[in-house]
Amino acid sequence: MQLKLPGMVSTSMDPVRIAVVGAGVVGLSTAMCVSKLVPRCSITVISDKFSPDTTSDVAAGMLIPHVYPNTPIPTLKQWFQETFDHLFAIANSAEAEDAGVHLVSGWQIFQSIPAEEVPFWADVVLGFRKMTKAELKKFPQHVFGHAFTTLKCESPAYLPWLEKRLKGSGVLILTRRIGDLWELHPSFDVVVNCSGLGSRQLAQDSEMFPMRGQVLNVRAPWVKHFIRDGSGLTYIYPGTSNVILGGTRQQGDWNLSPDAEISRGIFSRCCALEPSLQGACDIREKVGLRPFRPAGVRLQTEFLAQDGRRLPVVHHYGHGSGGISVHWGTALEAARLVSECVQAPRTPTPKSNL
């Protein structure tokens with residue numbers, strides 16, 4: 001089925017028409033970066049779900065990067081640095097509250113000394129150092145830790161803030177479910193696929209699967225410091241209005257309903273690290289399905305072809321549980337790929353680089 005929009009008859013003098021599929025943190029930030037990097041283009045964000053109903057809305061939003069097997073560390077560090085710089089600028093602006101971005105200090109603790117005592121991102125976050133013996137007394141089951149200040153990006157505020165900025169710059173927002181990327185041809189000249197878990201269908205990517213995450217949102221305004229177990233499975237992340245307690249990594253689990261037993265386990269583990277949480281109230285459960293891909297993020301251009309016609313597609317998905325930490329850096333890279341597609345001569349030579 002072909003998508004029909006008003007005024008979609010294109011001439012060589014018209015702006016390049018770009019569709020971004022997906023409206024989580026990856027989709028909206030990609031649309032923003034494309035609008036900045038690609039001159040004379042019209043952008044439409046198409047998704048069946050927008051905030052507060054995206055996977056990104058459940059994310060804890062703490063900037064501590066994950067390692068992706070197929071991404072070189074220098075590339076990963078660049079993505080993280082660009083994201084940190086972008087959000088740090090917001091945190092230091094009058095927009096900080098509306099955007100839901102703020103600095104938070106705390107500890108990452110380990111029950112045994114990690115192989116890598118100083119991670120690759122240590123000089124990106126602020127004030128990174130090893131914890132002192134006095135600090136470690138707070139965590140008697142742990143023998144080593146990092147203390148640092150990083151950023152927290154609260155998606156329930158950040159996504160609407162991005163959406164508002166996109167609309168203000170002339171980007172069209174369209175609520176629609178896409179069943180096949182080819183249906184966007186010939187209404188669009190370039191498609192950016194930021195559909196996350198939806199890429200199982202849209203990109204026929206059988207490597208994509210859900211990594212179920214369950215968290216608790218609680219009121220505990222006295223908790224000011226983040227605490228993260230080195231395994232990444234237990235964490236306490238204070239935000240502006242609540243504290244997020246986590247978490248789980250349940251591979252291949254599609255269940256979006258909260259599990260009461262898991263919630264009890266999360267609360268118990270977090271209270272072991274921060275006993276004052278026993279006094280937390282207004283406990284709410286949230287579940288999200290992270291778009292996990294064993295090889296990591298897919299940033300790649302593919303040319304779909306039918307009957308001698310072709311449609312350039314920039315794929316940008318597969319961030320798993322580390323999306324917010326690198327979203328702006330990967331969005332800049334996706335926008336550069338879009339720019340290459342726009343600058344390339346539009347010739348009907350159906351080739352794929354896959």
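I count a residue as buried when its relative accessible area is under 20%. With that in hand I opened the model, which is predicted.

**Entry: strand β15**

I looked up β15, residues 309–317. How many of its nine residues are buried? I found seven, so I noted the strand as mostly covered. Next I looked for its partners. Strand β7, residues 190–193, runs parallel to β15. Three bridges join the two. On the other pairing, strand β14, residues 298–306, runs antiparallel to β15. Here I noted nine bridges.

I then picked out V314 in β15. Its bridge partner in β7 is V192. T301 is also a bridge partner of V314. I reminded myself that side chains in a regular strand alternate between the two faces of the sheet.

**Entry: the turn at D307**

β14 and β15 form a hairpin, with two residues between them. D307 sits in that turn. Is D307 buried or exposed? It is exposed, because its relative accessibility is 71% and the cut-off for exposed is over 50%. I also checked its backbone. Phi of D307 is near 50°, which is positive although the residue is not glycine. Most residues other than glycine have a negative phi, so I marked this one.

**Entry: R40 and G170**

I found another positive phi at R40, again near 50° and again not in a glycine. Where does R40 lie? It is in the loop between α1 (25–37) and β2 (41–47). R40 is exposed, because its relative accessible area of 55% is over 50%. I noted G170 as well. It follows α5, and its phi is positive, near 95°.

**Entry: cis peptide bonds**

Most peptide bonds are trans, so I wrote down the cis ones I looked up. The bond from H185 to P186 is cis, with omega near 5°. P186 lies in the loop between β6 (172–175) and β7. G246 and G247 are also joined by a cis bond, and there omega is about 0°. I placed G247 in the loop between β11 (243–246) and β12 (250–251).

**Entry: helix α2**

I turned to α2, residues 73–91. It has 19 residues. From its first C-alpha to its last it reaches 26 Å, close to the 27 Å expected at 1.5 Å a residue. Its buried residues include L76, W79, F80, L87 and I90. E82, T83 and H86 are among the buried ones too.

**Entry: aromatic pairs**

How many aromatic pairs does a search of the whole structure find? It finds twelve. I took one pair in α2 to start. The ring centres of F84 and F88 are 6.1 Å apart, and the planes are at 20°, so this pair is stacked. The two residues are four apart in the helix, about one turn. F84 is buried, with a relative accessible area of 2%. F88 is partly exposed, at 29%.

Then I took W121 and F128. Their ring centres are 5.8 Å apart and their planes are at 90°, so I noted the pair as edge-to-face. Both residues are buried. I followed the ring pairs further. They link W121, F128, F148, F226, Y235 and Y237 into a cluster.

One more ring caught my eye. R310 lies over the face of F303, at 4.2 Å from the ring centre.

**Entry: the cores**

I looked up the largest nonpolar core, which has 67 residues. Which residues touch the most other members? They are V45, V101 and Y158. Helix α8, residues 323–343, gives the most to this core, with ten residues. I listed what V45 touches, leaving out residues up to four places away in sequence. Among its contacts are V20, L28, F50, V171 and I173. Another core lies apart from it, with 22 residues. A147, V223, V243 and A280 are among them.

**Entry: helix α5**

Y158 took me to α5, residues 155–168, where Y158 is one of the buried residues. S155, W161 and E163 are buried there as well. The helix has 14 residues and reaches 19 Å from first C-alpha to last. The expected value is 20 Å, so I used "close" in my note.

Technical notes: Residues are numbered from 1 along each chain as its sequence is written. This is a predicted model: local features need pLDDT of at least 70, side-chain atom pairs count only at pLDDT 80 or more; totals for chains, interfaces and linings use all residues. Side-chain values use heavy atoms; hydrogens and water are left out. Rings of Phe, Tyr and Trp (its six-membered ring) pair if their centres lie within 6.5 Å; planes under 30 degrees apart count as stacked, over 60 as edge-to-face and the rest as tilted. Buried means under 20% relative accessible area, exposed over 50%, partly exposed in between (1.4 Å probe, protein chains only). A charge sits over a ring if NZ of Lys or CZ of Arg is within 6 Å of the ring centre and within 35 degrees of the ring normal. A nonpolar core is a set of buried Ala, Val, Leu, Ile, Met, Phe, Trp, Tyr and Cys residues joined through side-chain atoms within 4.5 Å. Contact means heavy atoms within 4.5 Å. Two strands pair if DSSP finds at least two bridges between them.
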